[in-house]
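The exercises below are meant to be worked through slowly, with the sequence and the structure open side by side. Try each task before you read its solution.

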Amino acid sequence: MMDEDKYLNNTSQQFGEATEVKQAMNSDSPAPTNVNEPGNEATETAANVSEDTVVPTQDNGVAATEAATVDTAALAQMSQQIESLKAQLEERSNQYMRIAADFENYRKRMVKEKEDLEAQVKRNTITELLPVVDNFERARSQIKPQNDGEMGIHKSYQGVYKLLVDCLKRLGVSPMRPEGQPFDPNLHEAVMREPTDEHPEGTVLEELIRGYYLGDRVLRHSMVKVAAPKEDMPSSEENQSPPANS
């Protein structure tokens, strides 16, 4: 019995200590907070945070709208600049093509004018030399050497004549050969007409002054004698006087 009473006393004592500890803990813990109370600091803090959160959201929307407007305006301006640059590029390209075409035409025209000028100078120079050739040819046809001295002189100027003719050939000069051909006013110049029945009318009978070509163009026309139809002679009967009456 004494042991049981002792055990019960110890248990009651322990239980009492535990109760006191629990009460002390309850007294130390803060009182429960009512979040719905107007003066509650937690409620005010949450409200402030919520207000701060809502205001930036509206500002961000306005800023985004303004940024989109600015981007659209900048894009439109850049598009206009691109179109303007494209137009300028096309205009410069057209100008370049026109200038290039004009320069090419100018170059071709200058080349042609240069060639024509060179041909004209060559033509005029050779034309001035042709009378010298004519004189050499007349001398060859008319002078008949009678002795060795005259033959030496004849050979010497004929050598000069040959050199001159060879030089003209290298320049593109070639003589005409009109004898026996039909008269062509583009090549020949008729200075004489000879009645004949041996050749058709208009046939070149003789070349009096030789004509020349320079390349494929006429350098000097040939002066020629042309065949003409032979006139019928009056009959001898018409020329005889009638017999006298006895």
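**Exercise 1. Salt bridges**

How many salt bridges does the structure hold? Once you have the count, examine the bridges made by Arg 210 and describe how their partners are connected.

*Solution.* Keep in mind throughout that this is a predicted model.

Step 1. The structure holds 9 salt bridges. One of them joins the side chains of Arg 92 and Glu 91, with a distance of 3.9 Å from N to O, and this passes the test because a salt bridge requires the nitrogen to be within 4 Å of the carboxyl oxygen. Glu 91 has a relative accessibility of 41% and therefore counts as partly exposed.

Step 2. Turn now to Arg 210, whose side chain meets that of Glu 137 in a salt bridge of 3.4 Å, N to O. Arg 210 lies in the loop between strand 3 (204–209) and strand 4, whereas Glu 137 belongs to helix 2 (residues 41–142), so this pair ties together parts that are 73 residues apart in sequence.

Step 3. Arg 210 also forms a salt bridge with Glu 207, and here the closest N and O atoms are 3.6 Å apart. Through shared partners, the salt bridges join Glu 137, Glu 207 and Arg 210 into one network.

Step 4. To classify the three residues, recall that buried means under 20% relative accessible area. Glu 137, at 15%, is buried, and Glu 207, at 12%, is buried, while Arg 210, with 21%, is partly exposed.

**Exercise 2. The sheet of strands 1, 4 and 5**

In what order do the strands of this open sheet lie, and is their pairing parallel or antiparallel?

*Solution.* Step 1. The 3 strands follow the order 1-4-5, and their pairing is antiparallel. Strand 1 (173–175) and strand 5 (217–220) are the edge strands, each of which pairs on one side only. From one strand to the next, the twist averages 35 degrees.

Step 2. Look at the pairings one at a time. Strand 1 is joined to strand 4 (residues 212–214) by 3 bridges, and Val 173 stands opposite Leu 214 of strand 4. Strand 4 and strand 5 also pair over 3 bridges, with Tyr 213 opposite Val 218 of strand 5.

Step 3. Follow the chain from strand 4 into strand 5: the two form a hairpin with 2 residues between them, and Gly 215 in the turn has a positive phi of about 70 degrees.

**Exercise 3. A second sheet**

What is the strand order of the open sheet with mixed pairing, and which strands lie at its edges?

*Solution.* Step 1. This open sheet has 3 strands in the order 2-6-3. Its edges are strand 2 (188–195) and strand 3, each pairing on one side only, and the twist averages 30 degrees between one strand and the next.

Step 2. Strand 2 and strand 6 (residues 222–228) run parallel and are joined by 7 bridges; within this pairing, the bridge partner of Ala 190 is Val 224.

**Exercise 4. The nonpolar core**

Which elements each supply at least two residues of the largest nonpolar core, and which residues have the most contacts inside it?

*Solution.* Step 1. In soluble globular proteins, nonpolar side chains tend to be buried together. Here the largest nonpolar core has 13 residues, and those with the most contacts inside it are Ile 126, Val 133, Val 173, Tyr 212 and Leu 219.

Step 2. Helix 2, helix 3 (148–170) and strand 4 each supply at least two of the core residues, and the largest share, 5 residues, comes from helix 2.

Step 3. Take Leu 219 as an example: beyond residues up to four places away in sequence, Leu 219 touches several residues, among them Ile 126, Leu 130, Val 173 and Tyr 212.

**Exercise 5. Confidence**

Which element has the lowest mean pLDDT and which the highest?

*Solution.* Step 1. For the whole chain the mean pLDDT is 76, and 69% of the residues reach 70 or more. Among the elements, helix 4 (residues 236–239) has the lowest mean, 44, and strand 4 the highest, 93.

Step 2. Over residues 24–56 the pLDDT stays under 50, and the model has 8 contacts beyond four places in sequence for this stretch. Residues 233–246 also have a pLDDT below 50, with 1 contact beyond near neighbours in sequence.

Step 3. Where pLDDT is low, the predicted coordinates should not be read in detail.

Technical notes: Residues are numbered from 1 along each chain as its sequence is written. This is a predicted model: local features need pLDDT of at least 70, side-chain atom pairs count only at pLDDT 80 or more; totals for chains, interfaces and linings use all residues. Side-chain values use heavy atoms; hydrogens and water are left out. Two strands pair if DSSP finds at least two bridges between them. Helices (H or I, at least four residues) and strands (E, at least two) are DSSP runs, numbered from the N terminus. Axes are lines fitted to C-alpha atoms, for helices over the stretch in contact, and angles run from 0 to 180 degrees between N-to-C directions. Buried means under 20% relative accessible area, exposed over 50%, partly exposed in between (1.4 Å probe, protein chains only). pLDDT is the predictor's confidence in each residue, from 0 to 100. Contact means heavy atoms within 4.5 Å. A nonpolar core is a set of buried Ala, Val, Leu, Ile, Met, Phe, Trp, Tyr and Cys residues joined through side-chain atoms within 4.5 Å.
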